[in-house]
Amino acid sequence: MRGPAVDRPPAGYWVCMRSRTASCQPSLDQPFRGVRSLAGLRRLVSAHGAALGLSGERLQALVTVVHELAANAVRYAGGGGRLRIWRA
């Protein structure tokens, strides 16, 4: 049985990431700390994903993944972190 299809980064993605040019800066760079920051982080990610053209299940998947990663950082890795999202 095969798992869900995984989207590959577009051509040139890793070249861009290594170049560190202005166009390769994160489209979202947000620190977070503590459990109380998670709801606001979800709202921010949802709005940001929608602004980048995501909707429906893809937008919900983005919000869910970010929430799970952030919640794990809060719980297991010192209480906070920094979320960075790049548009590729």
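In this predicted model, Phe-32 makes a good starting point. Beyond its neighbours up to four places away in sequence, Phe-32 touches Ser-37, Leu-41, Ala-70, Ala-73, Val-74, Gly-80, Gly-81, Arg-82 and Leu-83. Phe-32 also belongs to the largest nonpolar core, a set of 13 residues, and is one of those that touch the most other members, along with Leu-28, Leu-41, Val-45, Val-66, Ala-70 and Leu-83. Four elements give two or more residues each to this core: strand S1, helix H2 (37-51), helix H3 (56-76) and strand S2. Of these, H3 gives the most, with six residues.

Stepping back to the whole chain, three helices and two strands are found, and from the N terminus on they run α-β-α-α-β. The chain has 88 residues, of which 22% count as buried. As for how contacts spread along the sequence, take those with a separation of 6 or more: residues 24 or more positions apart account for 67% of them.

The packing of H2 against H3 comes next. The axes of the two helices are 9 Å apart and meet at an angle of about 150°. That value is over 145 degrees, so H2 and H3 count as roughly antiparallel to each other. Their crossing is right-handed. On the H2 side, the contact is made by Leu-38, Leu-41, Arg-42, Val-45, Ser-46, Gly-49 and Ala-50, while H3 brings in Leu-59, Leu-62, Val-63, Val-66, His-67, Ala-70, Ala-71 and Val-74. Several names return here from the core: Leu-41, Val-45, Val-66 and Ala-70 are among the members that touch the most others, and they also take part in the contact between H2 and H3.

One more distance ties a residue of H3 to this contact. Ala-61 sits in helix H3 and is partly exposed, at 40% relative accessibility. Its C-alpha atom is separated by 9.9 Å from that of Ser-46, with the two positions 15 residues apart along the chain. Ser-46 itself is on the H2 side of the helix contact.

Now for the charged side chains. Side chains of opposite charge can pair when their charged atoms come close. A search of the whole structure turns up two salt bridges. In one, the side chains of Arg-82 and Asp-29 meet at 2.5 Å, N to O. This pair links distant parts of the chain, 53 residues apart, with Arg-82 in strand S2 (residues 80-85) and Asp-29 in strand S1 (residues 28-33). In the other, Arg-84 pairs with Asp-29, and the closest N and O atoms are 3.5 Å apart. Here too the link runs from S2 to S1, as Arg-84 and Asp-29 are 55 residues apart. Taken together, Asp-29, Arg-82 and Arg-84 are linked in a network of salt bridges.

How buried or exposed are the members of this network? Arg-82 has a relative accessibility of 46% and therefore counts as partly exposed. Arg-84 falls in that class at 44%, and so does Asp-29, with a relative accessible area of 36%. Arg-82 also ties back to the opening of this account, being among the residues that Phe-32 touches.

A last set of contacts involves His-48 and Ser-27. His-48 is found in helix H2, and its relative accessibility is 15%, so it counts as buried. Leaving aside neighbours within four places in sequence, His-48 is in contact with Ser-27, Leu-28 and Ile-85. One of these partners, Leu-28, is a member of the largest nonpolar core. Ser-27 lies in the loop between helix H1 (13-19) and S1. At 33% relative accessibility, Ser-27 counts as partly exposed. The C-alpha atoms of Ser-27 and His-48 are separated by 8.6 Å, and the two residues are 21 apart along the chain. Not counting residues up to four places away in sequence, Ser-27 touches His-48, Leu-52, Ile-85, Trp-86 and Arg-87. Ile-85 thus turns up on both lists, in contact with His-48 and with Ser-27.

Technical notes:
Residues numbered from 1 in each chain as written. Predicted model: local features only at pLDDT ≥ 70, side-chain atom pairs only at ≥ 80, totals over all residues. Heavy atoms only, no water. Salt bridge = Lys/Arg side-chain N within 4 Å of Asp/Glu carboxyl O. Buried < 20%, exposed > 50% of the residue type's maximum accessible area, 1.4 Å probe, protein only. Core = buried A, V, L, I, M, F, W, Y, C linked by side-chain atoms within 4.5 Å. Contact = heavy atoms within 4.5 Å. Axes fitted to C-alpha atoms, helices over the stretch in contact; angles between N-to-C directions. Parallel < 35°, antiparallel > 145°, perpendicular 65-115°, else oblique. Left-handed = near helix turned anticlockwise from the far one by under 90°.
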